[in-house]
Amino acid sequence: MAGEKQNKNRTDPISKLLVDSLKAGLARDTERLELIALSATRRLKPGSPNLARELADMLASFSVNASSLRWAAENPPPTDSDEGVSLLRIPSIDQAHPPLLDDGVASQFHSFINRRRSMAKLLQEGLNPPRTILCQGPPGTGKTMTANWLARELQIPLVVLDLATSISSYLGKTGANLRKILDYARSSPCLLLLDEFDAIAKRRDDQSDVGELKRIVNVLLKELEDWPYHSVIYAATNHQEMIDPAMERRFDLVVQMPLPAPDQRAAILKNSLGSFAEHADEQLFEACAALTNGANGSDIHRAGQSAASKHLLENVPLAIALLEELGYMANGEMEKSEVGDVARALRSGTDFTVREIADLIGKSPTSVQYHLTKKEKDGGKKTKTTPGKR
Ligand SMILES: Nc1ncnc2c1ncn2[C@@H]1O[C@H](COP(=O)(O)OP(=O)(O)O)[C@@H](O)[C@H]1O
Ligand SMILES: [Mg+2]
């Protein structure tokens, strides 16, 4: 009898969880949702360990978000006294992805995370855990993205102050507003992202605000010295040359974000294609990485997303869409030196014949064949066709 009852209960536990979670969701009962997800994770683990892990990850990131929301709900971010608008943004970080960085830069961040996580151990021995990061590098290299990921890794809410917009809109009141912001960020564990940090330095040229700016810089210098251990300051700037060396020295960690190397460019592109990355040839990514020398991660990501959408919605072959988005196929005109790379990208990423490729890029088949063979010789490769392609 008991066995039968159990069996009946076990007939469709997932459906029951689905109904329960829908109910909790509609009632906006996040705590109940968390409980249901926990129970689902346990039930799924024996039969579907991967799904259970995915759910557990979701749960972990959700609780970060939930605690951030709780903190924000209990202590709303400060507002500008006259305009009443919020001085800070508290974006959700539950979808924050790890940036694709070169090993040197990645290890600096990993070491920071490791030391933050081992804070108690360090403090016990009289060592100071790091609290402040200055991240410098060209636009679109992942500085803001890294701040999101760091906050997620450290399980603390992300609090964002965009200095480029706030300084100009709170002209004359920046000092007072900054004070409120810093006090807020000190009041509970969080990662305070001071984005476009150079905006503070930039306005130093503006004579009308010299006094105000000096005060702001002094406030910041002092804050960096005695910042509490429970929170992190992450300042990001595209203009390293605008940061005062005295300011730079106050940060526990200064990271230089370089433009992505070929490996990272290929990885960023692959990531940006969503599920289409699985069907694409590895050589296509290599070729595109070679073509995008000097490009930043942001532009590559955007090109990849547009190419994938074009491929999906307009039936354009992925390789062509990618080359179009990366700016190589506008009207068949391209630098002589690029013909080989583009031809190779098309040869590896599509089923096109040499003649078809030649037509597409407006060159003669002989020229295309010449470049393909030359590349193969140069690269010491013997294969003329891509594996899996006719
Ligand atoms: N190193 C990277 N790894 C992965 N994606 C990147 C990287 N750099 C840039 N991107 C992509 O470009 C977008 C914008 O980057 P962002 O962090 O805003 O750059 P920055 O703050 O340095 O100007 C990111 O959201 C991401 O999609
Ligand atoms: Mg940024």
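**A colleague's note on this predicted model**

1. Let us begin at a single residue, Asn-293, which is exposed because just 12 other C-beta atoms lie within 10 Å, and 12 or fewer is the cut-off for that class. Please keep in mind as you read that the model is predicted. Asn-293 belongs to the loop that runs between α14 (282-291) and α15. Along the chain, Asn-293 and Arg-265 are 28 residues apart, and in space 8.5 Å separates their C-alpha atoms.

2. Now step back to the whole chain. You will find 19 helices and 5 strands in it. Of its 390 residues, 32% are buried. Among contacts with a separation of 6 or more, 72% link residues that are 24 or more positions apart.

3. The strands are a good place to get your bearings. An open sheet of 5 strands can be followed in the order β2-β3-β4-β1-β5, and its pairing is parallel. At the edges stand β2 (158-162) and β5 (253-256); each has a single partner strand, so one side of each has no neighbour in the sheet. From one strand to the next, the twist averages 15°.

4. Strand β1 deserves a closer look. On one side, β1 (residues 132-136) is joined to β5 by 4 bridges, with the two strands running parallel. Here Leu-134 has Val-254 of β5 opposite it. β1 also pairs with β4 (residues 232-237), again in the parallel sense, through 5 bridges. In that pairing, Ile-133 faces Tyr-234 of β4.

5. Is β1 buried or exposed? Of its 5 residues, 5 are buried, so the rest of the structure largely encloses β1. You can check this face by face: Thr-132, Leu-134 and Gln-136 lie on one side, Ile-133 and Cys-135 lie on the other, and all are buried, which leaves both faces of β1 covered.

6. Next comes ligand 1. Which residues are closest to it? Gly-142, Thr-144, Met-145, Gly-297 and Ser-298 are the closest among the 16 residues that surround ligand 1. Two elements, α7 (143-154) and α15 (297-314), give two or more residues to this shell. By class, the shell consists of 8 nonpolar, 7 polar and 1 charged residues.

7. Where does ligand 1 lie with respect to the domains? Residues of its shell come both from domain 2 (103-256) and from domain 3 (262-379), so ligand 1 lies between these two domains.

8. Two backbone details are worth a visit. Gln-155 is not a glycine, yet its phi is positive, near 60°. This residue sits in the loop between α7 and β2. Gln-155 counts as partly exposed because it has 16 C-beta neighbours inside 10 Å, a count that falls between the limits of 12 and 20.

9. The second detail is Glu-196, also a residue other than glycine, with a positive phi of about 55°. Look for Glu-196 in the loop between β3 (191-195) and α10 (198-202). Why does Glu-196 count as buried? The reason is that 23 other C-beta atoms lie within 10 Å of Glu-196, and a residue is buried at 20 or more. Gln-155, in contrast, is partly exposed.

Notes
Residues are numbered from 1 along each chain as its sequence is written. Chains are lettered from A and ligands numbered from 1 in the order in which they are written. This is a predicted model: local features need pLDDT of at least 70, side-chain atom pairs count only at pLDDT 80 or more; totals for chains, interfaces and linings use all residues. A residue is near a molecule or strand if its C-beta atom, placed from the backbone, lies within 6 Å of it. Ala, Val, Leu, Ile, Met, Phe, Trp, Tyr, Cys and Pro count as nonpolar, Asp, Glu, Lys and Arg as charged, and the others, Gly among them, as polar. Domain bounds come from an automatic or database domain assignment. Two residues are in contact if their C-beta atoms, placed from the backbone, lie within 7 Å. Two strands pair if DSSP finds at least two bridges between them. Axes are lines fitted to C-alpha atoms, for helices over the stretch in contact, and angles run from 0 to 180 degrees between N-to-C directions.
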